[in-house]
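Please look over the model below. This report takes up its cavities and its salt bridges.

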Amino acid sequence: MATTSASSDDPTGAVPEAEPRSIFLRAYVPTDEPTPKRRGYPRPSDWVLVFDTETWPDAAQNMRIGTYQLRQRGRLRDKGIFYNPEEVRDFELAVLQREAVKHGSRLITVTEFREAILFDAAYKTDASIVGFNLPFDISRLAIKHGSARTIVRKDGTKDRSMVGGFTFKLSDVEGRPNIRVRHLSRRSAFINFTQVWDDPVYVMGDEGEEEVVKKPGFFLDLRTLAAALTSNSFTLDRLAGFLGVGRKGTFSDFGRDLDPELIAYAVQDTQVTWECYEALISRYRQHQLATPPTRIYSEAGLGKAYLNAMNIRPWRAVQPEFPPEIIGAIMSSYFGGRSEVHRRREIVPTLYCDFASMYPSVCTLMDLWRYVVSDGMTREDWTDGARALLAGVDLAALQRPETWRDFHALVLVKPAADIFPVRARYSDGPGGRYGADPSTTIGLNYLTSEQPVWMTLPDCIASKLLTGKSPEVVQAIRFVPKDVHTGLAPVNIAGNSAYGVDPATDNFYKRVIDLRREVKGRLSAAKKSGAAKSEIDRLDAEQLALKILANATSYGIFIELNVEDADRQDEPVTAYGVDGSFPTSPRQTETPGSHFHPLLATLITGSARLMLAITERLLLDEGLDWAFCDTDSMAFARPAGMAQTEFRKRVERVCAWFSALNPYEKPGSILEFEDQNTDRETGEPRDLYCYAISAKRYALFNWGDDGRPIIRKASAHGLGHLLPPYGPDDPDEPERDTGVHLWQEHFWEQMITAAAGRADDDDAEFVWRPELAKPAASRYAATTPTVLSWFAPFNKHRHYASQVRPFNFLLWFQSKKPHERAVEDNGALFDPRQRPPKPVAPYTKDLSTIDHIWDRETGEDVEPAWLRTYAEVLRTYPVHSESKFLDGGRTRRGPTRRRHILADLVWNIGKEGDRFEEDGSIGAEDDPAVPYGLTPSHRAAAIEAVRETKERFGVRAFRKAAGVSDNTITRALEPDSTIADRDLVRMRNGAERLWAADGVRAKEDAALLDGMRSRATEIGVPALAAELGVDASNLAKVLARTRTISASLRRSHAGT
Amino acid sequence: MTDLDYDLHCDAERAKKRQKFEAAGHFVHVCVCCPQDDVLCLTFEHPAGKNSDDTTLLVCMNCKALRDCLQRAEPSPSPNPRNVFEVIGRWLLSMAGYFGILMSTLRGFGDFLINLAKDGYGDDLSFV
Ligand SMILES: [Zn+2]
C-alpha cells in the first residue's frame, strides 16, 4: 500500500504489514426506561437517626453492640446502646448496663432497636438514616437476606436499578418493609425501603384508606456524600480530621470482652458520625441546591444537581424523538482517553506537561455548552464540508480557536492505514481472534477497513496530522444546537454571589474554570500572608467545589450508562451500531443516565485525543521524542545527544504553541509544565526521568545524590487491589505527593534501580523488606450476590449468624497455579486432587496478625506453600506487555511501534459493569464489554461466504474445514437466518481456509482483474464503475492493486 | 407517653400526609390561601368538585371551612354534574371563593408590613 510520510513511530515512514483482527465498536441499545421527568423530590423530615455497629473480627462479622442517636433539628432527643443477645454474655451485659447509665444512654436489644427506633421512629417520620458505610451496618441488622430483582412498575416499564443488589429483612412484623441495597462502588450504594410482599402502603385519607406509593426512605451514607463533595475517599476517622470535628481515635482489638473502653469507643463513634454529618450537610447546604443530599451519589450527582438548579432540561427529555440510528452511529465513534507508552522499560530523561482542565477546556473551545442548554439539536449532511475542512486543515488552522467551533461533526470514513483509536483484543494471538467475550483495549493504531466506520472530526484531523494524509470521507453529519431553552435560572456557585453563572449567556465551563483560578490565586495569597485558617479552609473548599463542578459537568454525565443484568426471559431487543440496527439478546442492559448525551462525550474525548496528537506532531517536528501520554498529559523524551537546556527550550516552544488556544481569562498556555520538572524543595529546574512499563504504569523520578531514585510521581495502576504490606509504617493517610502509597514508591524504586543497573529486572526478586515475602493480601467485600455465592460451599452447613453474608469483608489471597507449585513440589503437578485453594482470612488492618487462612469452599486450612507472596505477585509487573503496539512484548525495551489493524470483522459491543474475577484479579487494563453481535453488513458478508463456499466445495468438505454440522450450514442459509454469530464466524473462518488452500480464489480474482482492466481501458473507469454499480474511486484502487477485490465487487461482476 | 413519643407520632402522621401529597404531585406544602405549612392541617381541594376534575390544590382546614361556608350560598347542583358549563362554572365559583380568602390574607400581610415600616424596620429599596 503506497501511503504516508511522516509516521511518528518509524522514520522510514513505512506502515507495518496489516494484521487481520476483529475490531469492536460501541453500540446503542435503547431501554424501556421512561424519559426522565422531574416534578420535585420528596424530602426527609427534620429527624435524623445516626447509628453504628461493632462486630466480631472474624469471617462472619456478627454484630455485638451498636449505638444510635435520634435527633430532631439537631437537638438530641434520644440516644442508646443496643446489643445482640446472642453475642453478648451475661457478665458483658452487666458491663453494658453500667456503662449505659454512665453515658446517659438507653440500653435495648437489637430487635428493640430495629422495631422501635429504625421503624417506629425513623421510617415512619421520614427521618434521614445516617451512617458511615451504611450497607455494612444495615446488613449487620438483617435477620435474613435475598437478591434484589427487577421491579415491574404499574405502567409495565421495568425498574432495574436494584438488580445485582441485596434485599434485607429486618422485621418479622407484618407490613414492615425490607431494605434493599445495591452496591455501586466502594464509595456509594443505592439504599431504599421496599415491601416484603409487594403490597402497597395504605394511609388514612379523607375518605377512608387510600393507596399511596411506597416510601423509599432517606438513607445517607457519609462516605458517599464526603466523596461527592471532596473527590476523596475517607475513613470515618480521616473524615473527622478533614472536617475539623472531634476525631474518634483508632481502636483495633474488637475481639476482646466488652469493657468500658470498647463501649466508650462505640458511643463516640456515633457522636463523631453525627458531627461529620452536620459538617458535611452544612457544606452541602452552601451550594443551595434543591436536590436532597440523600440523592447525591457521586461528584457527578453534584454536577447534575447544579444543572437542575439552572433549570437545564436534559437532552433526552427535550429531544426524546432523536433517531436511535444516529445515536448508534455516535456511540460507535466513542472511545475513552488516549493512554500509551512509547518508550518502554527504559530510563528516559523527560519533561512532564499536562493540559490544564483538559475536558472543560475542549468543551469551551468547541462551545459545547450551547448543546447543554439547547432545546436539542439538528443535523445536516456535511460530506463536502468535512472533505474541504480535512483537505485544508493544518497546524496553523488548529491554532485558531474558531476552527474548533466547526468540530461538531461525525465522519463516516473508509480507513486505509489511517491512524485512529482501535478497540481490539491485542493480547490475543492470531488463533484467538474471535472469542465470545471481548476484553478489549484501545490503541491509536493504523486502521484499514472495508467497512466504513464513524469517527469524530477531531479524530480525523488527528489522523491527518500524524499520517500526513486525509482519511477517505464517505459521509459526514454536522450537528447544530437548537435555541437555548427558556426558563434557565442563574446560580451562585457554592452559594457565593460573587460566583454567579448565567447558563443562558455565560459559557459555563469557562466561567467555572476562571473562577477556580481566581480562587486558587487568592488561596495562595492567603496562605502566604498567613491569613486565618478559617479563611484558608473556606477558599480551599470553594476551589475544590469549583473543580468538582467543572469536571462533573464536562464529561462523565454525558456518557453515563448504568449497567444491569438483563432478565433471562427478555425478548431480543433492537441495537443500533455503526451500520444500522440489528436484533440482540445481551446479558446486560445499559440504562442511560439522566444527562446522557453521547455526541458531547465522543466530541470531548475526540478533541482531547486531538490535543495529544497536535502535541505529538509538534514534538516530532521539534526533533523530540515522547515516553508516554495519559489522557491529558505528555511526557516528552529527550533524544540522545541533546543538551538539557536545548530540550527544555524546545518543549517550552511546544507548550507555547497552545497559548493561542487558551480560552480563559488568565493568560498562558493550556499545556503546562508540571511541578515534577522542578526540585521539590528549591523549585529550580531539576532533571526528571521517566520509567514506563505500559499504559498507565509509569513513574517519574529524580536521581538522588546517593544514586537512588527519588520518586516524584508514580502510578498504582494494577497495584491498587493489594493491601499495603507494611502495616502501621504505611498508614492510610491522605495521599503522598507522589500519588501512591509508600510501599508502591519503594516498589518503583526497586524496578528503576534494577533497570538502571540492567541487573536483569526480568528476574528481579522484590523482597526489599521482609513483609514482601508474606502472602499478598487484598480486601474484598461480598458486595454482590455473585461474589457472595462463592461462599455458598462454606455457608452451606452453617447457621445464619456464622455465615459469610452480604457486605462482609475479608482478606483474599492468591494461590499458586499447580505448575508454580511444581517448582518446589514435583508431586503437585501430577496429583489430580491438588487443585489450587481459594484462600481467605478474616479482615485485619495489620497483616502481621493473620493467624489462620482457609479455603472459602471447603473451610479447610490452606498450606502456606500455596500462597503467592507479594514478591511473587509483583514479579510480573515490570514485564507487563503493551500489547496494543508492536515491540511491546513483555521483555522488550525501547520504542513501541503502531500496529496496522485490518478490520477483519467488526463487532458491536456495550459497556460492561465492573467485574470481579473469582481468582481475585481484576481486568485492570481492559475496557470490559458485553458483546452485542456482528455488524449487519459483516453478518450478511459472512452468510454470503458460507453460500459461495458450500456451492464451490460441497457440504462435506466445508463441514470438515469449519468443524460444524450440516444442520448449522443449512440454518445459516435460511432466509432471515438467526444463526449465532459464533457459528457464523467459525464457518467463515473455515471457508477462508478452504479458499486459501485451494488457490481458486486467487486465480479467479486475477482473471477478474484482468477482465476489468481491459474493460476499463475500453470504456474508462467511471463508466465501468457505473456498469458494475460500485464506487469509482474504490474501483480505481482495485484496478491499481492498492485494494483487494471485495466480495461485493465479485457479486456485482457476476451480476453483469 | 413521653414527649418524644408524642412528637414521633405527629411526625409519622405528617410523613404519611406528605407522602400522599407528593404522590399527587404536590411538592410544596403550603395552603393556597394562607401561610399554613403544617401538612397535618392541609387537605386536597378539587376546585370543580371531586367527580368533575382531577386537578387539586392544597388548602388548610381553616380556609377550607371558609370556602365551604361560601359554597353553601352557591346555586344548588344542576341535574347533570358533568355538563361542561356546570363544571367550568363550579370551578370559577370555587376560584372566586379562594381568591376572596386570599385577598383577606394579602390585606392582612400588607397591613402587617406597613406597620413594620412604621416601627422603623426595613432598608431602602434599590433597583439593580
Ligand atoms: Zn389556609
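What follows covers the enclosed spaces, then the charged pairs.

The model is predicted. A search of the whole structure finds ten cavities of 30 Å³ or more. The largest has a volume of about 100 Å³. Its lining includes L229(A), R283(A), Y284(A), H287(A) and E542(A). Helices α6 (260-286) and α17 (533-553) of chain A each give two or more residues to that lining. By class, the lining has five nonpolar, two polar and two charged residues.

The second largest cavity holds about 70 Å³. Among the residues that line this space are W315(A), Y371(A), F558(A) and H595(A). Seven of its lining residues are nonpolar, two polar and one charged.

Salt bridges number 65 over all chains. Three are listed here.

| Pair | N to O distance |
|---|---|
| D257(A) and R89(A) | 2.9 Å |
| R387(A) and D384(A) | 3.7 Å |
| D172(A) and K169(A) | 3.9 Å |

Take the pair D257(A) and R89(A), which meet in a salt bridge. D257(A) sits in the loop between α5 (236-243) and α6, and R89(A) in the loop between β4 (75-83) and α1 (90-103), so the bridge ties together parts 168 residues apart in sequence. D257(A) is partly exposed at 37% relative accessibility. R89(A) is partly exposed too, at 39%. Both belong to a salt-bridge network with R64(A) and E92(A).

R387(A) and D384(A) lie three residues apart in helix α12 (residues 383-392) of chain A, so about one helical turn separates them. R387(A) is partly exposed at 39%, whereas D384(A) is exposed at 60%.

In the last pair, D172(A) is exposed at 65% relative accessible area. K169(A) counts as buried, at 19%.

Technical notes
Residues are numbered from 1 along each chain as its sequence is written. Chains are lettered from A and ligands numbered from 1 in the order in which they are written. This is a predicted model: local features need pLDDT of at least 70, side-chain atom pairs count only at pLDDT 80 or more; totals for chains, interfaces and linings use all residues. Side-chain values use heavy atoms; hydrogens and water are left out. On a 1 Å grid over the protein atoms alone, a cavity is a set of points where a 1.4 Å probe fits but cannot get out, and a pocket is an open set with protein on both sides within 12 Å along at least five of seven lines; lining residues have an atom within 4 Å of a point. Grid points are joined across faces, edges and corners, and a volume is the space filled by probe spheres set on the points. Helices (H or I, at least four residues) and strands (E, at least two) are DSSP runs, numbered from the N terminus. Ala, Val, Leu, Ile, Met, Phe, Trp, Tyr, Cys and Pro count as nonpolar, Asp, Glu, Lys and Arg as charged, and the others, Gly among them, as polar. A salt bridge is a side-chain nitrogen of Lys or Arg within 4 Å of a carboxyl oxygen of Asp or Glu. Buried means under 20% relative accessible area, exposed over 50%, partly exposed in between (1.4 Å probe, protein chains only).
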